[in-house]
Amino acid sequence: MTYKIKLSRMLAPVLLSGFFLTSSPQTLAQEAVRQDGEIKQMVNQLSAQNLEQLVQKMVSFGTRHSLSTTTSKKEGIGAAREWVKSEFEKYAKTSGGRMTVEMDRYTVKADGRRIPQDVEMANVMATLKGTDPNDDRVIIVGGHLDSRVTDVMDAKSKAPGANDDASGVAMVMEMARVMASKQFPATLVFVAFQGEEQGLYGSKHLADRAKKENWNLVAMLNNDIVGNSYSAETGLHNNTTVRVFSEGIPVNETEEQARLRRTLGAENDSPSRNLARYMENVGERYVDQIDVVMVHRADRFLRGGDHTPFNQNGFAAVRMSETNEDFDHQHQDIRKEDGKQYGDLIEYMDFEYLRKNTGVNLATMASLAWAPAAPDKVSVLTADLTNTTQLQWEAPAKGEKPAGYYVLMRETNSPAWEKKFFVKDTKADINYSKDNYFFAVQAVDAEGHASLPVLPVPVR
Ligand SMILES: [Zn+2]
């Protein structure tokens, strides 16, 4: 999508704002320039040079294959995990005891495919405990530490995995560094997964744990292959767009949810899809020269990622990946063939691009963490045939009391929210037909940090 289209879709609602019945009508165009100084400052602290040094260090372990050595201090996944842990511990020192670091170990059973015998793996996690004891929300950002070459079972050959996925782990670490000293009411989890290439084992472990322990996990941001901007195959060089993949129809949808989705026409409005919209809106507000492009599918062809187990457990989760993937430099033995270099080498990366993508993640996470929890029991009244829309909801039961709510609106064929109304009450009468638009409600604090939007359930 081009800048021109975006501008027109933001400007259009301004002209219509006089029609709203609610108080203080607000448009997305107005909000596009409303920045929180503290988020902007954190985004400015992200460093391309730091990111490069982090990737360089990860590459230095030779291979980070999930079945590689765990006894060497210099090589293999064991040494790499210990190093990530020690870095997290450094950042934790600035948190006043609120950031804790753990090696979350789990055993993966032999499966006759990518796991030849039982193996112990571990996710390295830094958890920044929320400051509000009454707010149990959790937000996760993750990348995978393990790497591979052409043969997924080859645990010995050099597998630098600079872009896949040291880029994602470096992003997570740089975010943890910058965010550790800040106070957020919600809990933030920074995680380097293991076992992605062998079958998403680390993310499956954490997603299952979140489900079992009943975490109020509101968003999971997966970052995998986020640091290269050039494709030799196509000759395309693009460091100003990045893709965010999200599922449309939730993979774990129940019959009841499916029925509701059909009634609303909400196949483009899963919680994950609306998280992707949130990321586009907030990311572009804080990071210059980046266009967050929503891809309306769960992932690329032939590929999976660490967001998938979270989706399977019913959580909102999305995947960020660069726009132009370079398949000569992913999952490849390091070699030269016909003068062409193969392998996931650091020299093919673009750290300024990685810095911008890190900024999009940081702004999204901080904005969500500082927002109130989402409103409860959002409903649209459908008792009568009318040409207007009556919405009502309840304040979130836990955490900060919202300063008000945004009612989001868009045409049913529009990919992005086009218009928002600010209301202080827990209901809104909108002078547009519920039959012709999609609506959702966000809770918002006095600084404009908004929760994820909640779609209404029709009630009579
Ligand atoms: Zn990957």
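Student: Hi! Is Gly-248 buried or exposed?
Tutor: Gly-248 is buried, with a relative accessible area of 18%. Keep in mind that this is a predicted model. The cut-off matters here, because buried means under 20% relative accessible area.

Student: And where is Gly-248 placed?
Tutor: Gly-248 sits in the loop between β9 (241–245) and α9.

Student: How far apart are Gly-248 and His-296 in space?
Tutor: From C-alpha to C-alpha, Gly-248 and His-296 are 6.6 Å apart, while in sequence they are 48 residues apart.

Student: What about Glu-75 and Trp-215, how far apart are they?
Tutor: That pair is 140 residues apart in sequence, and their C-alpha atoms are 35 Å apart in space. Glu-75 belongs to the loop between α4 (48–59) and α5 (76–92). With a relative accessibility of 44%, Glu-75 counts as partly exposed.

Student: Let's switch to the metal. Which residues coordinate the zinc ion?
Tutor: His-144 does so through NE2, and Asp-164 through an OD atom. Asp-224 appears twice in the list of donors, each time with an OD atom. The distances run from 2.0 to 2.6 Å.

Student: What kind of geometry does the site of the zinc ion have?
Tutor: The site is irregular, with angles of 53 to 143° among its 4 donor atoms. Four donors count as tetrahedral if all angles lie between 85 and 135 degrees, so that label does not apply to this range.

Student: What spacing do the donors of the zinc ion follow along the chain?
Tutor: The spacing is H-x19-D-x59-D. His-144 lies in strand β4 (residues 137–144), and Asp-224 is in the loop between β6 (216–223) and β7 (230–231), so these two tie together parts that are 80 residues apart in sequence.

Student: Is His-144 buried or exposed? And Asp-224, buried or exposed?
Tutor: His-144 is buried, at a relative accessible area of 0%. Asp-224 is buried as well, at 2%.

Student: New topic, pockets. How much space lies in the largest pocket?
Tutor: The largest pocket holds about 1200 Å³ of space. It is lined by 43 residues, and the closest to its centre are Pro-271, Gly-314, Ala-316, Pro-453 and Val-454.

Student: Which element gives the largest share of that lining?
Tutor: That is α9, with 4 residues. At least two lining residues come from each of β6, α9 (255–264) and α10 (271–286).

Student: And how does the lining of the largest pocket break down by class?
Tutor: There are 24 nonpolar, 10 polar and 9 charged residues.

Student: How many cavities of 30 Å³ or more does a search of the whole structure find?
Tutor: The search finds 1. About 40 Å³ of space lies in the largest cavity.

Student: Which residues line the largest cavity?
Tutor: The lining is made up of Asn-163, Asn-228, Asp-326, His-329, Asp-344, Leu-345, Tyr-348 and Met-349. By class, that gives 3 nonpolar, 3 polar and 2 charged residues.

Student: Last one: where is Thr-389 found?
Tutor: Thr-389 is in strand β15 (residues 389–394), and at 0% relative accessibility it counts as buried.

Student: What lies 2.8 Å from a polar atom of the Thr-389 side chain?
Tutor: The backbone nitrogen of Lys-434 lies at that distance.

Conventions. Residues numbered from 1 in each chain as written. Predicted model: local features only at pLDDT ≥ 70, side-chain atom pairs only at ≥ 80, totals over all residues. Heavy atoms only, no water. Donors = N, O, S within 2.8 Å, 3.2 Å for Na, K, Ca; no water. Tetrahedral: all angles 85-135°; square planar, octahedral: opposite > 155°, others 65-115°. Buried < 20%, exposed > 50% of the residue type's maximum accessible area, 1.4 Å probe, protein only. 1 Å grid on protein atoms, 1.4 Å probe; cavity = no way out; pocket = protein on both sides within 12 Å on 5 of 7 lines; lining within 4 Å. Points joined across faces, edges and corners; volume = space filled by probe spheres on them. Nonpolar A, V, L, I, M, F, W, Y, C, P; charged D, E, K, R; others polar. Polar contact = N/O pair within 3.5 Å; in protein donor to acceptor, adjacent residues only side chain to side chain.
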